[in-house]
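I sat down with this one to go through its side-chain contacts. Notes below, in the order I looked things up.

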Amino acid sequence: QLQLVESVGGLVQPGGSLRLSCASSGTTLLPIAMGWYRQAPGKEREWVAHISSGTTFYRDSVKCRFTISRDNANNTVYLQMNSLKDEDTAVYHCFLDLSSRWWGQGTQVTVSS
């Protein structure tokens with residue numbers, strides 16, 4: 001069965017950096033896309049970024065701060081987050097698209113001084 005396992009998030013000061021990873025297992029198929037959503041307390045889940053066929057896409061609020069990349073050999077997607085802001089605080093969920101969408105369990109990222 002396909003599984004997505006995310007790295008542990010953490011507490012970071014504003015302006016700091018953090019890298020999330022999401023490793024997939026249980027499939028040999030090349031994903032159509034992999035990426036990240038996030039959900040802040042009291043807010044709707046929102047799309048953050050995704051990568052598909054080597055092309056990357058970002059929501060406007062994270063452009064130039066976040067970088068998504070994928071290691072096909074290890075079936076892992078990464079989200080490098082720089083210049084973090086308080087408003088980036090959320091639970092981050094990775095996803096993988098094949099014929100359907102699969103989700104990771106979510107990892108907490110807290111940006112606070």
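Which residue lies over the face of Trp103? I checked, and Arg45 does, at 4.5 Å from the ring centre. A reminder to myself before going on: this is a predicted model.

**Entry 1: around Trp103**

I stayed with the rings. I get three aromatic pairs in the structure. For Tyr37 and Phe95 I noted ring centres 5.5 Å apart and planes at 70°, so I put that pair down as edge-to-face. Those two come from distant parts of the chain, with Tyr37 in strand 4 (residues 33–39) and Phe95 in strand 9, 58 residues apart. Both Tyr37 and Phe95 are buried.

Next I took Tyr37 with Trp103. Their ring centres are 5.3 Å apart and the planes sit at 70°, so this pair is edge-to-face as well. Tyr37 is in strand 4 and Trp103 in strand 10 (residues 101–103), so the contact ties together parts 66 residues apart in sequence.

I wanted to know how Tyr37 and Trp103 are classed for burial. Tyr37 has a relative accessible area of 19%, and the cut-off for buried is under 20%, so Tyr37 counts as buried. Trp103 comes out at 35%, which is partly exposed. I drew Tyr37, Phe95 and Trp103 as one aromatic cluster.

**Entry 2: Arg101**

What does the charged end of Arg101 sit over? I found it over the ring of Phe95, 4.0 Å from the ring centre. Arg101 also makes a salt bridge with Asp97, where the closest N and O atoms are 2.7 Å apart. I looked up accessibility for both partners: Arg101 is partly exposed at 35%, while Asp97 is buried at 13%.

**Entry 3: the other salt bridges**

I searched the whole structure and got six salt bridges. One of them joins the side chains of Glu46 and Arg59, at 3.5 Å from N to O. I placed Glu46 in strand 5 (residues 46–52) and Arg59 in the loop between strand 6 (55–58) and strand 7 (66–71), 13 residues apart. Glu46 is partly exposed at 26%, and Arg59 is partly exposed at 23%.

Which residues are linked with these two in a network of salt bridges? I wrote down Arg38, Arg65 and Asp88 alongside Glu46 and Arg59.

I also logged Lys63 with Asp60, a salt bridge at 3.2 Å from N to O. Lys63 is partly exposed at 44%, whereas Asp60 is exposed at 63%.

**Entry 4: cysteines**

How many disulfides are there? I count one. The sulfurs of Cys22 and Cys94 are 2.0 Å apart, and the two residues are joined as a disulfide. I read 45° about the S-S bond, which goes in the book as right-handed. Cys22 lies in strand 3 (residues 18–25) and Cys94 in strand 9 (residues 90–97), so the bond ties together parts that are 72 residues apart in sequence.

Are the cysteines buried or exposed? Cys22 is buried, at 0% relative accessible area. Cys94 is buried too, also at 0%. I looked up Cys64 as well, and that residue is exposed, with a relative accessible area of 86%.

**Entry 5: pulling strand 9 together**

Going back over my pages, I see strand 9 turn up twice. Cys94 in strand 9 has its disulfide to Cys22 in strand 3, and Phe95 in strand 9 has its ring pair with Tyr37 in strand 4. I added a last mark on the sketch for Arg101, with its charged end over the Phe95 ring.

Technical notes: Residues numbered from 1 in each chain as written. Predicted model: local features only at pLDDT ≥ 70, side-chain atom pairs only at ≥ 80, totals over all residues. Heavy atoms only, no water. Disulfide = S-S within 2.5 Å. Helix = DSSP H or I, 4+ residues; strand = E, 2+ residues; numbered from the N terminus. Buried < 20%, exposed > 50% of the residue type's maximum accessible area, 1.4 Å probe, protein only. Salt bridge = Lys/Arg side-chain N within 4 Å of Asp/Glu carboxyl O. Phe/Tyr/Trp six-rings, centres within 6.5 Å; stacked < 30°, edge-to-face > 60°. Lys NZ or Arg CZ within 6 Å of the ring centre and 35° of its normal.
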